Amino acid sequence: MQPRDPGGPLGRILSDIRREFPTFEIRRKRDSALQRALAVALAAVTLGGQRSYLTHYHTVLFGKLYVPDAWDRMDELARYVLLRHERVHLRQRARMGDLAMGLVYLLPILPVLLAWGRARLEWEAYLETIRATAEVYGLDAARALEDEIVRRYVGPDYGWMWPFPAVIRRWFREAVADLEAGASARH
Ligand SMILES: [Zn+2]
């Protein structure tokens, strides 16, 4: 995928990621037999709760980013924000290795300790989503992410990863407060 402006945010993050992870590639989920099989498995274990895996979910696996159908409709800034999130997962993989990451991350649902591990790994990446959104769209846009992020944690998208909305809302507000403190320190 070639960005229109290689010097813009999308072009920069793509070249940064390729420098840090030389084997990084963006692939379509629909073209991958494994991703199509995962979609079927996820729909089954979530009793149909996760049916958007191929259409709406971006997934890093073995150092590649698998993009859903929705990727084609995202503009360059939205892709930039997404890549900021996914770069966190690439770094987690480098830190933990495929096996540990797979255990903590891919095993959907249960037991609670694994879901907690996944919830924290995912939170590290969502922090980056929040920061990148504030950077390109402003603080109000970052604040507006709260309900969507809470929904993802407490619902079937990631297998009811951490179904305690008050906890996620507290994490979210701490993240926004940090951004606000950073913004006012710069003024
Ligand atoms: Zn993620």
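**An exposed loop residue and the sheet around it**

Phe62 has 11 C-beta neighbours inside 10 Å and therefore counts as exposed, since the cut-off for that class is 12 or fewer. The model in which this residue is seen is a predicted one. Phe62 is placed in the loop that joins strand S2 (59-61) to strand S3 (64-67). Its backbone is also notable: although Phe62 is not a glycine, its phi is positive, at about 50°.

The two strands on either side of this loop pair with each other in the antiparallel sense, over three bridges. One residue pair can be named here: Leu61 has Lys64 in S3 as its bridge partner.

S2 and S3 belong to an open sheet of three strands, ordered S1-S3-S2, with mixed pairing. The edges are taken by strand S1 (26-28) and S2; each has a single partner strand, so one side of each is left without a neighbour in the sheet. From one strand to the next, the twist averages 35°.

The sheet is set within a chain of eight helices and three strands. Read from the N terminus, the elements follow the order α-β-α-α-β-β-α-α-α-α-α. The radius of gyration is 16 Å, close to the 16 Å that the globule rule gives for 187 residues, so the chain is as compact as a globular protein of that length. Along the principal axes, the C-alpha atoms fill a box of roughly 50 × 40 × 30 Å.

Two further values describe the chain as a whole. Buried residues make up 29% of the 187. Among contacts with a separation of 6 or more, 62% join residues 24 or more positions apart.

How values were computed. Residues are numbered from 1 along each chain as its sequence is written. This is a predicted model: local features need pLDDT of at least 70, side-chain atom pairs count only at pLDDT 80 or more; totals for chains, interfaces and linings use all residues. Helices (H or I, at least four residues) and strands (E, at least two) are DSSP runs, numbered from the N terminus. The radius of gyration is taken over C-alpha atoms; the globule rule is 2.2 Å times the number of residues to the power 0.38. A residue is buried if 20 or more other C-beta atoms lie within 10 Å of its own, exposed if 12 or fewer, and partly exposed in between; C-beta atoms are placed from the backbone. Two residues are in contact if their C-beta atoms, placed from the backbone, lie within 7 Å. Two strands pair if DSSP finds at least two bridges between them. Axes are lines fitted to C-alpha atoms, for helices over the stretch in contact, and angles run from 0 to 180 degrees between N-to-C directions.
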